[in-house]
Amino acid sequence: MTRVLSGIQPSGEIHIGNYLGAIKQWVELGERLGREAFFCIVDYHALTNPLAYDPATLARRTFEAALVNMAAGLNPEKVTLFVQSHVPEHTELSWVFTTLTPLGDLTRMTQFKDKAAKQEAVWSGLLMYPVLQAADILIYKADTVPVGEDQVQHIELTREIARRFNALFGETFPEPKALLNPEAPRVPGIDGKAKMSKSLGNTIGLLEDERSIWEKIRHLPDDPQRIRLADPGDPERTIVFTYLSYFAPKELVAALKEEYRKAGIGTLVVKRILFEELMKTLRPIRERAEELKKDPDYVMDALLEGAKRARAVAAATMEEVREKVGL
Ligand code: ADP
Ligand code: NA
């Protein structure tokens, strides 16, 4: 692994699914790779549903996404953290890649099919989303992409695009690999749905109000087959234990599971412990966020500095691509 890239959409509040699936790994990789770790707030991606974003708040959300990432431990003085649209070469490369991508490869993407099924009008930006993502990654010639499981299919497409480009125009791009957090590749939503996602409104936000978080935890679905407190419970049948395993020490999780199976404890007790353990992770992030909010210029300057470094790399790749393609 020599260079990583990953991104996050400024399309809503950053949540524990983003943190566990992506950001936590970013922080670790940033420590190891420094400036070779590229992370971007993908605002072009957030445009892919014009009805779901508000032009007046997009810039604020982009800023907040950067701030939350810094609060969660990404040090912009070490890594390369930037805003996607500050490096317009992403869209330029993306166009070249659309000309190399069969339509069928895009219409079969699971995320496209899921999102398109919910929309009355399907915007072509939604269809092209994975092509832009391929450009985000390949413009830096990144070999590793730390993401959640939902993105694995898109990374596979990125590899195909790289292979096709290399076959047609000569060896240019690496074939990057997805890197998952084995402990939390896909965090379920608070509604029990398979995936927590900004667009599904089933999230626990990293900076969400404590009371609001507790209310969400309190209402998490219990083991549906445990009717009375005296019934033995099955920890595999409630996401309370799934969440607990992300934040609590292993021994504590094992002990609580055992009690739950013996009907020794109710779910409410486990929920209280989950809340406490979760807040142990979230409190320091909030404290850093409060500090950063006092100094917005620091955040903005860091992003501009990051974009400068990113753009130097992106422009060099684009020059190479133009020459190879004949532009
Ligand atoms: P969202 O789906 O909430 O809009 P993004 O598309 O911005 O999130 O994804 C940012 C990163 O967070 C990606 O690497 C994605 O795979 C990861 N991610 C998003 N939701 C989850 C989840 N529920 N579990 C694990 N990782 C996730
Ligand atoms: Na997503």
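This is a short talk on one protein model, going from its overall build to its domains, its ligand and one of its helices.

Hi everyone, and thanks for coming. One thing before we start: what you see above is a predicted model, so please keep that in mind as we go.

Let's begin with the whole chain. The protein has 13 helices and five strands. How does its radius of gyration sit against the globule rule? The radius is 21 Å and the rule gives 20 Å for 327 residues, so the protein is as compact as a globular protein of that length. If you draw a box around the C-alpha atoms along the principal axes, that box comes to roughly 75 × 45 × 40 Å. As for the interior, 39% of the 327 residues count as buried. And if we take contacts between residues at least 6 apart in sequence, 76% of them join residues at least 24 apart.

Now, the domains. Domain 1 is made of two stretches, 4-185 and 296-325, while domain 2 runs over 208-288. Their centres, taken over C-alpha atoms, are 33 Å apart. How many residues does each domain bring to the contact? Domain 1 brings five residues and domain 2 brings four. On the domain 1 side, four of the residues are nonpolar and one is charged, with no polar residue there.

Next, the ligand. There are 20 residues around ligand 1, and the ones that come nearest are Q9, G17, G21, V147 and G148. Which elements give two or more residues to this shell? They are strand β1, residues 4-8, and helix α1, residues 16-33. Helix α1 gives the most, with five residues. By type, the shell holds 10 polar, six nonpolar and four charged residues.

While we are in this part of the sequence, an unreviewed UniProt entry annotates residues 10-18 as a short sequence motif, the 'HIGH' region. In the model, residues 10-18 are 33% helix and 0% strand, and the C-alpha atoms at the two ends lie 12 Å apart.

My last stop is helix α10, residues 239-247. Which of its residues are buried? They are V240, F241, Y243, L244, Y246 and F247. These buried residues pack against α11 (250-261), α12 (267-293) and also α1. So that you can place it, α1 is the helix we met at the ligand, where it gives five residues to the shell.

That's my tour. Thanks for listening, and I'm happy to go back to any part of it.

How values were computed. Residues numbered from 1 in each chain as written. Chains lettered and ligands numbered in written order. Predicted model: local features only at pLDDT ≥ 70, side-chain atom pairs only at ≥ 80, totals over all residues. Near = placed C-beta within 6 Å. Helix = DSSP H or I, 4+ residues; strand = E, 2+ residues; numbered from the N terminus. Nonpolar A, V, L, I, M, F, W, Y, C, P; charged D, E, K, R; others polar. UniProt positions renumbered as here; feature names shortened; annotations may be inferred. Buried ≥ 20, exposed ≤ 12 C-beta atoms within 10 Å, placed from the backbone. Contact = placed C-beta atoms within 7 Å. Domains from an automatic or database assignment. Rg over C-alpha atoms; globule rule 2.2 N^0.38 Å.
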